[in-house]
Amino acid sequence: MTINTYSKPISFPLYTSLSLLVIILISAPTLTLQQSTTNPRLQKAYTAFQEWKKLITSDPNKFTSNWTGLNVCNYTGVYCAPAPNDPTQLTVAGIDLNHANIASTLPNDFGLLLPDLALLHLNSNRFSGPIPSTFCHLQLLHELDLSNNLFCGEFPSILLTLHSLKFLDIRFNHFHGSIPPSIFDLKLDALFLNNNNFTSYIPQNIANSPVSVLVIANNNLNGCFPTEIPKMGDTLEEIILLNSGLKGCLPENIGDLTKTTVLDVSFNSLTGKLPESIGNMKKLEQLDVAYNKFYGEVPSSICSLPNLQNFTYSNNYFCTEPPICVELKGKDDKFNCIAYRPLQRSPMECKAFLSYPPNCGSFGCSKSPSPPPPPPPTYYTPKYTPVNAP
């Protein structure tokens, strides 16, 4: 089954982007033609935009139709502000071409000619090719959004040199290979790597990252669930790891993520029991563990969480669920092995799995096996015709 996107709301990017754009717009004075012709920063920017325009093969919305003349601060999608090291001079501080549907590559001299950029948003276009090596000169870059394009190649290592970066979004592209461990050493606030073709595993130093939002969904990582993730409890608010080929068990101390509001590990090969410590995640609003191989009893402490709005644990092998979970409005418990609940797996399928359940060590992810599950109910007679999980 293919998962195309992650649809739950992520609030961080919009808030941050709007805030930075407002700062740029407020701080930018009116530019005269004479100022633009005598300002070396804007002269370089003019060269950059003219080079870029030559590389554009399609601009159906005519987004760049006014990219003419020396006054680059009047170009659509271009934002100027006083230079950080010389407030008397204007410089190009932001570029926002989101949803312009432009087809192009990026100019090789991009970073050399636009070194003062603080914000670069190219979301939802048809940009392709590699990320230019001159991006190393963008040392003031705070936000970089390259999502929903046609960029390709291995993870652009040049981005690892951008130490001012706080927001990085490269989701929905064609990047492949491994995720570099160094990405988790950057002082990012939000990191989106989902919907690419990354393979290998999630690096063990993931807990070095201070991110509040982390999305690595819809890749083919095929590694063990990172046991270091609970150490991110001081900052992590949303973590999305769905459909990433993860194996093993959730760490028993995952409940240390006390600031987390969204946890999604669905569509993986995780197994064992759900840790009781999840009941310590008092801010949790969305929990999705569907389409895994979890078994045993659903912890009542999870269904008692004060802010829980949605709890999806369908398509697993849970045997029992406490009454408080049955009464939970925002839950989905279909296709498990829970007696007297509708739309469960067949008794034969449940018995076959629960007779020889996998444990954490089955995947080489842990030396200690998971606790054994309770035996499947021998009196199980569903009220509805059982439907096998896909």
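**Exercise 1.** Describe the helix and strand content of residues 47–80 and the separation of their end C-alpha atoms.

*Solution.* Over residues 47–80, helix makes up 26% of the chain and strand 9%. The C-alpha atoms at the two ends are 16 Å apart. The model is predicted. According to the UniProt record, an unreviewed entry, residues 47–80 carry the annotation "domain: Leucine-rich repeat-containing N-terminal plant-type".

**Exercise 2.** Determine in what order the 12 strands of the open sheet are arranged, and which strands stand at its edges.

*Solution.* Begin with the order: E1-E2-E4-E6-E8-E10-E12-E13-E15-E17-E19-E21, with mixed pairing. Strand E1 (78–83) and strand E21 (331–332) each have a single partner strand, so one side of each has no neighbour in the sheet. Next, place helix H3, residues 40–55: this helix lies across E1 and strand E2 (86–96), and runs at about 20 degrees to E2.

**Exercise 3.** Work out the sense in which strands E15 and E17 pair, and find the bridge partner of Asp-264.

*Solution.* Strand E15 spans residues 262–264 and strand E17 residues 286–288. Their pairing is parallel, over 3 bridges. Within E17, Asp-288 is the bridge partner of Asp-264.

**Exercise 4.** Summarise the protein as a whole: secondary structure, burial, contacts and exposed area.

*Solution.* The count gives 7 helices and 21 strands. Taking buried as under 20% relative accessible area, 53% of the 390 residues qualify. Among contacts with a separation of 6 or more, 53% join residues 24 or more positions apart. Finally, the protein exposes about 17100 Å², of which carbon and sulfur atoms supply 54%.

Definitions and conventions. Residues numbered from 1 in each chain as written. Predicted model: local features only at pLDDT ≥ 70, side-chain atom pairs only at ≥ 80, totals over all residues. Heavy atoms only, no water. Pairing = 2+ DSSP bridges. Helix = DSSP H or I, 4+ residues; strand = E, 2+ residues; numbered from the N terminus. Contact = heavy atoms within 4.5 Å. Axes fitted to C-alpha atoms, helices over the stretch in contact; angles between N-to-C directions. Buried < 20%, exposed > 50% of the residue type's maximum accessible area, 1.4 Å probe, protein only. Areas by Shrake-Rupley, 256 points an atom, 1.4 Å probe, with all protein chains shown as cover. UniProt positions renumbered as here; feature names shortened; annotations may be inferred.
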